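User: I'd like to go through how the labels on this model were earned. Could you take me through the reasoning?

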Amino acid sequence: MSSYQEATARQRIAGMLDPGSFDEFLPPQMRVVSPHLPQLDAPVSFDDGVAVGRGTMDGRWVFIAAQEGGFMGGAVGEVHGAKLAGMLRRAIDENPDAVLLLLETGGVRLHEANAGLIAVSEVMRAVMDVRAAGIPVISLVGGSNGCFGGMGIVARCTNGVVISEESRLAMSGPEVIETAGGVEEFDARDRALVWRVTGGKHRYLIGDAQAIVADDIGAFRAAALQLADAARGRGSELTLEALEAEQRMLTSRIDRFGGCEDPLEIWEALGIEDPHGVPLLETDAFRELADGHREGAAA
Amino acid sequence: METLRFNFSGGQRRLDGARLVGVVGSGNLEVLIEQRPLNGGCEVEISTAAHGFGPIWEAVVRDFHQRWQLADVHVAINDMGATPAVVSLRLDQAAESITGDVK
């Protein structure tokens with residue numbers, strides 16, 4: 001076991017790819033850093049908090065990106081976003097077997113908000129273009145910061161999400177919801193509530209994540225390969241048919257669960273006998289239970 | 001941000017390529033170590049969020065140079081208020097990762 005959560009972005013890439021096969025685009029020694037942070041007298045990072053490149057993975061040729069959650073929470077600035085979008089566009093030219101996005105981010109970097117917002121929208125468009133080119137894109141969400149904001153949307157634009165119970169996936173973060181809606185709406189200090197709502201288990205149960213794994217780099221690697229191979233087999237492109245199926249799934253979700261106050265009620269409505277026991281289950285036992293009840297995950 | 005630059009000479013150990021270790025986070029730093037022709041010198045360039053700690057930085061990087069005796073090496077640091085012990089640890093990590101040698 002090697003913890004995915006505890007690893008840095010670069011350690012995660014090293015754990016995903018065959019040893020020595022990582023060929024990085026715009027490596028740190030090129031010093032392509034944020035032009036905005038120095039104006040605010042804030043520290044820069046030589047890779048602007050993301051490593052992108054290509055390599056091999058069990059004989060497959062993959063493109064890969066990993067966000068560093070330790071640098072500004074993995075937030076997307078102008079350079080960071082351009083590196084992600086550029087890697088995706090280059091993937092279309094070089095036609096790898098898959099693209100892996102190792103996401104750990106709070107979303108847009110507010111220090112360079114407009115540039116970051118544009119960058120995130122470019123990443124979304126690029127993900128769709130890669131998929132349309134027949135190349136599966138898989139998201140891996142296993143960092144302690146989770147995956148939030150615009151990058152939460154990016155994760156759900158991909159062919160599949162691999163998540164761990166410890167990690168989280170959502171649009172607005174708990175503090176943002178509490179600030180906007182009040183503590184009665186959402187208590188961001190209630191960690192159990194935060195994990196019930198945004199954590200990996202809930203995301204898997206309601207069909208937002210297609211695989212849930214233990215906090216282990218090898219487990220993430222195996223699940224990502226499996227999702228990539230499956231997506232390649234059935235076609236990675238987002239079709240109108242798939243989009244309509246997704247819309248039906250979301251409509252039925254809001255019909256069935258829109259009145260629920262807490263994920264515990266949703267899990268009960270899904271037919272889980274002991275919803276209070278769900279947070280305590282180990283990953284394997286949880287997966288076994290969940291697979292009989294979870295929402296069908298349309299890719 | 002404060003920028004500091006220190007130069008050392010007399011090292012013999014040369015290395016190839018470049019490595020990055022550490023992360024720019026609170027109380028942490030990243031160290032980019034790379035081979036660069038410097039007439040046998042070792043240059044350390046620091047960009048730090050904590051102002052006014054020049055003499056402590058000098059002591060920490062001087063110790064580093066004495067431990068590793070690097071020549072034609074450039075070390076660049078982005079720092080967010082790491083303590084001297086963490087800085088020494090990261091510097092050693094950088095040197096270990098690029099030389100494959102553990103001191």
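**From values to labels**

Analyst: Happily! Let's begin with strand E5 (residues 73-79) of chain B, which is mostly covered, with six of its seven residues buried. Keep in mind that this is a predicted model.

User: What makes E3(B) and E5(B) a pair, and in which sense, parallel or antiparallel?

Analyst: Two strands pair when DSSP finds at least two bridges between them. Strand E3 (residues 29-35) of chain B shares seven bridges with E5(B), so the two count as paired, in the antiparallel sense. One of the matches is Val31(B), whose bridge partner in E5(B) is Ile77(B).

User: How do you know that E4(B) pairs with E5(B) as well?

Analyst: The cut-off is again at least two bridges. Strand E4 (residues 42-48) of chain B has seven bridges to E5(B), in the parallel sense, so this is a pair too. Here Glu43(B) stands opposite His74(B) of E5(B). To get from E4(B) to E5(B), the chain passes through helix H1 (residues 54-68) of chain B, and this β-α-β crossover is left-handed.

User: Why is Ile135(A) called buried?

Analyst: The label needs 20 or more other C-beta atoms within 10 Å. Ile135(A) has 25 C-beta neighbours inside that distance, so it counts as buried. It sits in the loop between helix H3 (113-132) and strand E5 (137-141) of chain A. Leaving out residues up to four places away in sequence, Ile135(A) touches Ala91(A), Asn95(A), Pro96(A), Ala98(A), Val99(A), Val130(A) and Ser236(A). Ser236(A) is 101 residues away along the chain, yet the C-alpha atoms of the two are separated by 6.0 Å.

User: What makes you say that the buried residues of H1(A) line one face?

Analyst: In helix H1 (residues 9-16) of chain A, the buried residues are Ala9(A), Arg12(A), Ile13(A) and Met16(A). Viewed down the axis of H1(A), they fall within an arc of 100°, so they line one face of the helix. Their cover includes strands E2 (50-57), E3 (60-67) and E4 (98-103) and helix H8 (217-234) of chain A.

User: Which residues touch the most other members of the largest nonpolar core?

Analyst: That core has 105 residues, and those with the most contacts to other members are Leu88(A), Val99(A), Leu100(A), Leu140(A), Val162(A) and Ala224(A). H8(A) gives the most to this core, with nine residues. Not counting residues up to four places away in sequence, Val162(A) touches several residues, including Ile138(A), Leu140(A), Phe220(A) and Ala224(A).

Note on methods:
Residues numbered from 1 in each chain as written. Chains lettered and ligands numbered in written order. Predicted model: local features only at pLDDT ≥ 70, side-chain atom pairs only at ≥ 80, totals over all residues. Buried ≥ 20, exposed ≤ 12 C-beta atoms within 10 Å, placed from the backbone. Helix = DSSP H or I, 4+ residues; strand = E, 2+ residues; numbered from the N terminus. Right-handed = clockwise from strand over helix to strand, strands pointing away. Arc of directions from axis to C-beta. Contact = placed C-beta atoms within 7 Å. Core = buried A, V, L, I, M, F, W, Y, C linked by C-beta atoms within 7 Å.
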